[in-house]
2 protein chains.
Amino acid sequence: MAQSIYDRWDFFEGYSQLGRSVEGLAGAAEWPALRSMLPDMRGLRVVDLGCGFGWFSRWARERGAAQVLGLDVSERMLARARETTFDEAITYEKSDLEMLSLSPAQFDVAYSSLALHYVEDVARLFAEVHSALVPGGRFVFSTEHPIYMAPTKPGWSVDTEGRRTWPIDSYLVEGRRTTDWLARDVVKYHRTIGTTLNALVQCGFSIKQVEEFRPTAQQIADRPELAQELDRPTFLLVSTGR
Amino acid sequence: MAQSIYDRWDFFEGYSQLGRSVEGLAGAAEWPALRSMLPDMRGLRVVDLGCGFGWFSRWARERGAAQVLGLDVSERMLARARETTFDEAITYEKSDLEMLSLSPAQFDVAYSSLALHYVEDVARLFAEVHSALVPGGRFVFSTEHPIYMAPTKPGWSVDTEGRRTWPIDSYLVEGRRTTDWLARDVVKYHRTIGTTLNALVQCGFSIKQVEEFRPTAQQIADRPELAQELDRPTFLLVSTGR
């Protein structure tokens, strides 16, 4: 994440219009599933990796977290997070997850929402997170699903019989992907589910739950555009324990 | 697996022609990766779930396993396994994995190659395997990858620019899939990676390794048709511990 895509005006403006930016956690379809993986926040020390506008950091405090450290590489995101946070137990700091450095055993929960696919060296990051957690600590995160990430030209296709498909190629060719989401030439790093999970296990994490996010029937009734998620997942949610 | 597809003459004849049937383990591209997940076999008690022609059961004994129980639902597969096995420490028994029942704590290793995608109730099976293993035992298996399984019409497509793709739909719609592989109307059960792993964790297994099988450069040089595997995986390999 040497590039902070969120500091590019075109990406930032586009991102700021998304439901999840305007409505916060309630605007993110995968949030209820991710939330269900989290422990009771009361009294816990929490680090929010890629905190963005600070929605989760504030939520954790509202649910009783003792203190929250929100980290992000984007100055613009951090500025808005600080403007909208009035809580001395929440601290925001600039940090590039690619070079994250945390003191050992100072957090009970590490959380990350949709930031890890911008990180090239995820094994290094996982080792750092593992070290920063106390024994029994939890690391819960979402990332873009590799089925969503893999294609050299991501996009829907409709076949001659009207079947909507998501054509995959290069699924097992991991590494850099350049896409035009919100802005041109956004760089992300594609990894298989196996690679992500093995990197966690190799650091000492135990895998507790893996969800390839599927919207509920109620969510689809409320937002019919979510039905296409049933054809291919966008989000991978993982819960691990130290 | 109420239906034993392997006992249908058309499927059996087709299956018998495959490289993995003629050459055994050496004919299966994913075997070296799966083998690397297995412990040293010496002195271990092994159960082979869906043993087919008995290739793995014999391999395990050659590597020093104390005893091997090969289970399969197909009478024809078992008959050929028995015809080609001359070892009193290997026993073959008819068993439907859908209704598997094993005595507790009698095996050190449970192994299964490409059988689980025929099983509808995999949570029940995993619980039975967990119970049949001693503490510290290992359960290592391969199954068809959900990307391979998911489409309502599985098959390659070539787009207008010559890009080979594997169009996915219904990835998050789990359950029955009927395909025409080797024979018409072969029934399999599609599950996401998350569903498989969560079922294992819920039984008490710890996830040790997850591989979405990628052929090596040498394998592709030797068998150029394997290059298409890089576009979409066929096999999911999982190593767990009790």
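## Contacts and shared sheet of chains A and B

In this predicted model, 33 residues of chain B are in contact with 33 residues of chain A. On the side of chain B that touches chain A, strand S7, helix H8 (193-203) and strand S10 (206-212) each supply at least two residues, and S10(B) gives the most, with 7 residues. The make-up of that side of chain B by residue class is set out below.

| Class, side of chain B that touches chain A | Number |
|---|---|
| Nonpolar | 14 residues |
| Polar | 8 residues |
| Charged | 11 residues |

The two chains also share a sheet, which is open, has 4 strands and runs in the order S6(A)-S7(A)-S7(B)-S6(B) with antiparallel pairing. Its edges are formed by strand S6 (157-158) of chain A and strand S6 (157-158) of chain B, each of which pairs on one side only.

Where the sheet passes from one chain to the other, strand S7 of chain A, spanning residues 164-168, pairs with strand S7 of chain B, also residues 164-168, in the antiparallel sense and over 3 bridges. Within this pairing, A:Pro167 has B:Pro167 in S7(B) as its bridge partner. Strand S7 of chain B thus appears in the sheet and also among the elements that supply at least two residues to the side of chain B touching chain A.

Conventions
Residues numbered from 1 in each chain as written. Chains lettered and ligands numbered in written order. Predicted model: local features only at pLDDT ≥ 70, side-chain atom pairs only at ≥ 80, totals over all residues. Pairing = 2+ DSSP bridges. Contact = placed C-beta atoms within 7 Å. Nonpolar A, V, L, I, M, F, W, Y, C, P; charged D, E, K, R; others polar.
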